[in-house]
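Student: I would like to request a close look at the aromatic rings and their surroundings. Please explain each term as it arises.

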Amino acid sequence: MTYFNANETTIQKNNLKIKKYVDGDGIILEDIISKKEFEVRFLGIDAPEINYCNKIKKDEQELQIPAALLIKLGFLSFNFLKDQASLGDFCTLVQEENNLVDKYGRHLGYLILSDGRVLNEIMIKEGYAKPYNEVFCEKLPMYQELNLQAKINRKGLYFQVDKF
């Protein structure tokens, strides 16, 4: 289980509930007090896409894996996410002060479920996402280690492919 160090510069947002799923590394949350919805991209992780887009074309070339297979893997990741967190569940978002939003305006953060588990960590540990190495975050070294263990043990998507 991930613990957040009091010395780390983080912001914690409470009174949130899961409103909609986006894909294997994104979700829409609602602030239950203001009723405002906002999109969250899980900090430090990357799951395969579920739609044909520019990123899937880039991944297809870099990984030498057909887009159709990558999208299939994306849906496996998406379905695993939905099994971990239900619509309407309450959660907490922890954000790093230097990584609040991405270039698309999505909030970045670690999603803590009502039972205390961190969804970002679950997705990596179970092999349904990989570390997102393009942007450094405090948990990246741990996520890289968890990913290696998932790969060695052929968990999740690694049961079907060696990379994604």
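Tutor: The following account treats the ring pairs, then the charges over rings, and then the nonpolar core. The model is predicted, so local features need pLDDT of at least 70, side-chain atom pairs count only at pLDDT 80 or more, and totals for chains, interfaces and linings use all residues. Residues are numbered from 1 along each chain as its sequence is written, and side-chain values use heavy atoms, with hydrogens and water left out.

Rings of Phe, Tyr and Trp (its six-membered ring) pair if their centres lie within 6.5 Å; planes under 30 degrees apart count as stacked, over 60 as edge-to-face and the rest as tilted. By this rule there are five aromatic pairs. One of them is the stacked pair of Phe 80 and Tyr 128, with 4.1 Å from centre to centre and 10° between the planes. Phe 80 belongs to helix H2 (residues 67-84), whereas Tyr 128 lies in the loop between helix H3 (119-125) and strand S7 (130-131), so the pair ties together parts that are 48 residues apart in sequence. Helices (H or I, at least four residues) and strands (E, at least two) are DSSP runs, numbered from the N terminus. Both Phe 80 and Tyr 128 are buried, a term that means under 20% relative accessible area, with exposed over 50% and partly exposed in between (1.4 Å probe, protein chains only).

Tyr 110 and Tyr 143 form an edge-to-face pair, 6.4 Å centre to centre with 70° between the planes. This pair links distant parts of the chain, since Tyr 110 is in strand S6 (residues 107-113) and Tyr 143 is in helix H4 (residues 140-152), 33 residues apart. Tyr 110 is buried, at a relative accessible area of 1%, and Tyr 143 is buried at 0%. In addition, ring pairs join Tyr 21, Phe 75 and Phe 78 into a cluster.

Charged groups also meet rings. A charge sits over a ring if NZ of Lys or CZ of Arg is within 6 Å of the ring centre and within 35 degrees of the ring normal. Lys 13 lies over the face of Phe 38, 5.6 Å from the ring centre, and the charged end of Arg 41 sits over the ring of Tyr 132, 5.0 Å from its centre.

Finally, the largest nonpolar core (buried Ala, Val, Leu, Ile, Met, Phe, Trp, Tyr and Cys residues joined through side-chain atoms within 4.5 Å) has 44 residues. Those with the most contacts inside this core include Phe 42 and Leu 111. Helix H2 gives the most to the core, with six residues.
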